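Here is a friendly briefing to read with the model open beside you. It begins with charged side chains and then moves on to the sheet, the core and the chain overall.

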Amino acid sequence: MNHRHAARMRSVALAGLLLLGTGTLPAHRALAQTAPAQASGPEGALSFDVAEAAERPPLVVGKAVAVELARGQAAYFRLPEGAGEVVALTRRLSRNIDTVMALVDAQGRVLDEDDDGGEESLASRIEIGADQAGPLFLRVGLLEQAAGRFELVLEAVPPPEPGAP
């Protein structure tokens, strides 16, 4: 498969949530080097696959991470173990971008995914139960081959009120 065909396949896969960085297309490293992504979160750099994310500190509940992705990129973030019930949200999306997020296990298998379930238009939201076995990761990307900035945050889900249904 030539590089042009691989780039087209990544474009098609992006719409189907098989995002860049899954390790199936080796050309993603070259793209990442020509258009570096940035984050102000754990260690200040993004991971482009599960193996890289496993070596980085996990997201911190309540602390937003500013993310900037180039066209066709997706980033992986390690989730903290034992954090209880949390919800992962994208927010403060730059103009005209649409985030897509997946909860994946250490083998990259998708456990849950969301496109537009967030509080803002085109933002993403995934609830992660305390019973989920880890290690777990979030894969976050942009649809429509867009580039842009957004924040990713984990928020604790408050325990139910006593006596609530």
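R92 is exposed in this predicted model, since its relative accessible area of 56% is over the 50% cut-off. Its salt-bridge partner is E151, and the closest N and O atoms of the two are 3.0 Å apart. E151 lies in strand 9 while R92 sits in the loop between strand 4 and strand 5, so this pair ties together parts that are 59 residues apart in sequence. Unlike the exposed R92, E151 is buried, with a relative accessible area of 16%.

**Salt bridges**

- How many salt bridges does a search of the whole structure find? The search finds five.
- E155 and R91 form one of them, with their closest N and O atoms 3.9 Å apart.
- This pair links distant parts of the chain: E155 belongs to strand 9 (residues 148-156) and R91 to strand 4 (residues 86-91), and the two are 64 residues apart.
- E155 counts as partly exposed because its relative accessibility of 29% falls between the 20% and 50% cut-offs.
- R91 is also partly exposed, with a relative accessible area of 24%.
- Which residues are linked in a network of salt bridges? The network is made up of R91, R92, E151 and E155.
- Another salt bridge joins E127 to R125, where the closest N and O atoms are 2.7 Å apart.
- R125 counts as partly exposed, at 30% relative accessibility.

**The open sheet**

- Four strands make up an open sheet, arranged in the order 3-8-5-6 with antiparallel pairing.
- Strand 3 (74-78) and strand 6 (110-114) are the edge strands, and each of them pairs on one side only.
- From one strand to the next, the twist averages 20°.
- Strand 5 (residues 99-105) and strand 8 (residues 136-142) run antiparallel and are joined by seven bridges.
- If you would like a landmark in that pairing, look at V104, whose bridge partner in strand 8 is F137.

**Nonpolar cores**

- The largest nonpolar core has 26 residues, and F77, I128 and L138 are those with the most contacts inside it.
- Which strands each supply at least two residues of this core? They are strand 2 (65-69), strand 3, strand 4, strand 5, strand 7 (125-128), strand 8 and strand 9.
- Strand 8 gives the largest share of this core, with four residues.
- Setting aside neighbours within four places in sequence, L138 is in contact with a list of residues including L59, A75, F77, A88, M101, L103, I128, L152 and L154.
- Another core, of six residues, lies apart from the largest one, and among its members are A53, A102, V104 and F137.
- V104 and F137 therefore appear in two roles: as bridge partners and as members of this six-residue core, which by definition is a set of buried residues.

**The chain overall**

- The chain holds three helices and nine strands.
- Following the sequence, you will meet them in the pattern α-α-β-α-β-β-β-β-β-β-β-β.
- Of the 165 residues in the chain, 44% are buried.
- Among contacts with a separation of 6 or more, 70% are between residues 24 or more positions apart.
- The chain exposes about 8900 Å², and carbon and sulfur atoms supply 51% of that area.

Terms used. Residues are numbered from 1 along each chain as its sequence is written. This is a predicted model: local features need pLDDT of at least 70, side-chain atom pairs count only at pLDDT 80 or more; totals for chains, interfaces and linings use all residues. Side-chain values use heavy atoms; hydrogens and water are left out. Two strands pair if DSSP finds at least two bridges between them. Axes are lines fitted to C-alpha atoms, for helices over the stretch in contact, and angles run from 0 to 180 degrees between N-to-C directions. A salt bridge is a side-chain nitrogen of Lys or Arg within 4 Å of a carboxyl oxygen of Asp or Glu. Buried means under 20% relative accessible area, exposed over 50%, partly exposed in between (1.4 Å probe, protein chains only). Contact means heavy atoms within 4.5 Å. Accessible areas come from the Shrake-Rupley method with a 1.4 Å probe; for residues, only the protein chains shown count as cover. A nonpolar core is a set of buried Ala, Val, Leu, Ile, Met, Phe, Trp, Tyr and Cys residues joined through side-chain atoms within 4.5 Å.
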